[in-house]
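Here is a short report for a reader new to this structure. Look at the fold, then read on.

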Amino acid sequence: MNMSFWASNANALLLLLFVALGIIGHNPSVTISALVILLVQQTPLLKYAPVLEKYGVQLGIMLLMIGVLAPLITGKVQPAQIAALVTSWKTMAAVVVGIVVAWLGGRGVHLMQVNPTIVTGLMIGTIIGVAFLRGVPVGPLIAAGLLSLIL
């Protein structure tokens, strides 16, 4: 194959690499995400790519927050546990770590918006961490991981 093939298909090949890493690492989130973006790229859905780019992160954050808040309505978090926020050093530490990670996440989103080429490196690192280190590519879970180091 000649160089023009590789140049003209670099993004699709990178997405296929992400799919392979997701499969190798037994991580369906990575695999499905890369396959969906590959499907969008290779079909007439490509015209919606700017919408995904503009609102995808916000939609993902909203879905994540729904999942994180769901225990409030399933009974897994009791009012007494919420009251413990002001009486337990562990929950106060959780609040502080949550604040710091949210601030860092905001800075990260801004960085990705002003320097989109850095996203490729971030994605490769994240996918490697997810695929081979049993990581999860989401902010609140990282905050919980940091908190576990403090505790």
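The text below covers confidence, the nonpolar core and a nonpolar surface patch.

**Confidence.** This is a predicted model. The chain has a mean pLDDT of 81. Of its residues, 88% reach 70 or more. Confidence varies along the chain, and the table gives the two extremes.

| Element | Rank in the chain | Mean pLDDT |
|---|---|---|
| Helix 3 | highest | 91 |
| Helix 9 (residues 139-150) | lowest | 61 |

**The core.** The largest nonpolar core has 10 residues in all. They are Ala 12, Leu 15, Phe 18, Val 19, Leu 21, Val 30, Ala 34, Leu 38, Ile 127 and Val 130. Helix 2 (10-24), helix 3 (28-42) and helix 8 (118-133) each supply at least two of them. Helix 2 gives the largest share, with five residues. Ala 34 shows how the core is joined up: setting aside residues up to four places away in sequence, Ala 34 touches Leu 15, Phe 18 and Val 19. In soluble globular proteins, nonpolar side chains tend to be buried together.

**The surface patch.** Not every nonpolar residue here is in that core. A nonpolar patch of about 1100 Å² lies on the surface. Its members include Val 57, Ile 61, Met 65, Leu 72, Ile 82 and Val 95. Helix 4 (49-69), helix 5 (71-74) and helix 7 (89-114) each give two or more residues to the patch. The largest share, five residues, comes from helix 4.

Leu 69 belongs to the patch and lies in helix 4. Is Leu 69 partly exposed or buried? Its relative accessible area is 45%, so Leu 69 counts as partly exposed.

Methods. Residues are numbered from 1 along each chain as its sequence is written. This is a predicted model: local features need pLDDT of at least 70, side-chain atom pairs count only at pLDDT 80 or more; totals for chains, interfaces and linings use all residues. Side-chain values use heavy atoms; hydrogens and water are left out. A nonpolar core is a set of buried Ala, Val, Leu, Ile, Met, Phe, Trp, Tyr and Cys residues joined through side-chain atoms within 4.5 Å. Buried means under 20% relative accessible area, exposed over 50%, partly exposed in between (1.4 Å probe, protein chains only). Helices (H or I, at least four residues) and strands (E, at least two) are DSSP runs, numbered from the N terminus. Contact means heavy atoms within 4.5 Å. Patches are made of residues with over 30% relative accessible area and no salt bridge: like charges are joined within 9 Å, nonpolar side chains (Val, Leu, Ile, Met, Phe, Trp, Tyr) within 5 Å. Accessible areas come from the Shrake-Rupley method with a 1.4 Å probe; for residues, only the protein chains shown count as cover. A salt bridge is a side-chain nitrogen of Lys or Arg within 4 Å of a carboxyl oxygen of Asp or Glu. pLDDT is the predictor's confidence in each residue, from 0 to 100.
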